[in-house]
Structure formats: C-alpha cells, structure tokens
Amino acid sequence: VLPAVTAGALDETRAIAETRAGAASSALRRAYEARRVDFSKKRRVHEASLKPALSNPNRRAELEALEAAEEDRMRNALDAARALQGELVAGDTRHATAGLARLQHVTGLLASILDNFAFSPDLVPPDEPPEAKRKALRVKLVEELVQLSSHDMPAPPPGRKFTMKEWPLLPIDELSPETGGVGGADGAPAADAAGAPHTQPPARGVLSGFLTPTHRSTIASRDRVFATMRTNYHERVRQMVSECQALLKEEEMWSHNWQKMTSMLKR
C-alpha cells in the first residue's frame, strides 16, 4: 500500500505544478490575443487605405504618413510577439523549477515518514540469505563456545544497526530552455528575454533514509515523475517558441508585401 501512496503523492505534486504553469501561460496568451486583435484591425485599415490614388505626387505626404503608421504598428506587433515568447518560456521555467523544488521536498518528507514506519523484516537487504530454521549440532556448540568466551567483552549497544542509503537529489540544470533545444528570439535563452526573476533552484546534496523496498519504490517513483516533468516541460517550451516564431514569420511576410506595395506606388 505504501508504494502506491507515495507514488500518488509524487504524481499529484507534478500535476499541481503543471496545472499552475498552464494557467499562467493561458493568462499570457489571452493578454496577447487582445493586442493581436488590435494589430490585425489596424493592418486591415492601413491596407484598405493604400489606394492607387496615393501614387499621385501631390498625395505623397499622405502616403508617407500611412507608411509611418504601418511601420509603427509592425514594430509594436513584432515586439509583442517576441515579448510573448520570452514571458511564456520564462514563466513556464519558473513553474517547472518550483515544481522540481516541491518534488524534492515531498520526496524528503515521504522518506522521513517511511523511516518511522520501517519494520525489521523490511530492513533486511534483498540479497541477504534467508536465516536457517534448524542448525546443526556443531554450529550450536560453536555458538555456545563463542558466548562463553565473550563474557568479558563489552556488550554491544542496544538496538539494531539498520542499513542506511544515500540517494542523489534530482539534477537542477535539466529544466531550462537550452536543454529543451530552444532559445530566445535573438539567440539568447528565452527564459531571460522578459527579464523575469528566476526561482532559486533546489540545493545539491543527497537524500538519506533506510534501505527498504518502500524507500526504493519511492525513489523510483520520484525519478519517473521527474522524467515525465522534464519531457512535458521541454515539449511545452518548444511549442511556445514554435507558436511565437510563427507569429513573427507571419508579420515579417506582411512587412515584405507592404514594402512591395508602397514601392510600386512611389514609381
């Protein structure tokens, strides 16, 4: 029962972290979508205003004013898409790092709780040979001689020396845009693009506890949950960067077409 309980607790920790990350990214997308609607509306207005009559030299000032307005709109649209990419990746990285810290904290708590639930049969190493039920007469005589000869020796301390184990903590540098194969719009890490503060990564060290089947199952569940968390994080940041790069590409293609249309009117 205990391995199932610990695995469920670790899975829930990951689910909470990913839910919070999804809610934060959805809020950023909604805020950007409102601006994008405004950018699209202005672009349609500017496109409709670009009439053949503007090729008249007497209306050159009107054409230049229209060009300046559209250039300002395109610059703002490109800046908004780049900022969205930085904010999305930076926010998701913060939530992933915080989720990793919570995962390690919960694992430590579970190990501490399991230490208090440990029983002697659980603490026997799995490769230890089973204890013999019946002993030969010679073995019994030898044990009696050992006991008789050890009366003058100091008594061992009370209690049993249980086997302890030190497990390494989770890596703190695998939840970053670089490990996911993505970067910022200008080649810099996308997590730094928005200038957002970073969450303090979990400290390095080891996790100590008794060596029991339940402890080993808990650590295996922790590693499995972390592998899932890392894979999901890398997929999300790649999708975010791909989404924002598509917005930038669309705006750059429109900028190229706009320049062609205005250059034709100036001939």
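## Arg43 and its partners

Let's start at a busy spot: Arg43 places its charged end over the ring of Trp254, 5.1 Å from the ring centre. Keep in mind that this is a predicted model.

Arg43 also meets Glu250 through their side chains, in a salt bridge with an N to O distance of 4.0 Å. Because Arg43 belongs to helix α1 (residues 2-49) and Glu250 to helix α4, this contact ties together parts that are 207 residues apart in sequence. Glu250 is partly exposed, at 37% relative accessibility. Through shared salt-bridge partners, Arg36, Arg43 and Glu250 are joined into one network.

## The tryptophan pair

A search of the whole structure turns up 1 aromatic pair. Trp254 and Trp258 make up this tilted pair, with 5.9 Å centre to centre and 45° between the planes. Both residues lie in helix α4 (residues 213-266), 4 residues apart, or about one turn of the helix.

Are these two rings' residues buried or exposed? Trp254 counts as buried at 9% relative accessibility, and Trp258 counts as buried at 2%.

## Helix α2 and its contacts

The structure has 14 salt bridges. One of them links the side chains of Asp92 and Arg236, 2.9 Å from N to O. This pair connects distant parts of the chain, with Asp92 in helix α2 and Arg236 in helix α4, 144 residues apart. Asp92 is buried, its relative accessible area being 2%.

Ala90 is in helix α2 (residues 60-116) as well, and is buried at 4% relative accessible area. Its C-alpha lies 9.2 Å from that of Val237, although 147 residues separate Ala90 and Val237 in sequence.

Definitions and conventions. Residues are numbered from 1 along each chain as its sequence is written. This is a predicted model: local features need pLDDT of at least 70, side-chain atom pairs count only at pLDDT 80 or more; totals for chains, interfaces and linings use all residues. Side-chain values use heavy atoms; hydrogens and water are left out. Rings of Phe, Tyr and Trp (its six-membered ring) pair if their centres lie within 6.5 Å; planes under 30 degrees apart count as stacked, over 60 as edge-to-face and the rest as tilted. Helices (H or I, at least four residues) and strands (E, at least two) are DSSP runs, numbered from the N terminus. Buried means under 20% relative accessible area, exposed over 50%, partly exposed in between (1.4 Å probe, protein chains only). A charge sits over a ring if NZ of Lys or CZ of Arg is within 6 Å of the ring centre and within 35 degrees of the ring normal.
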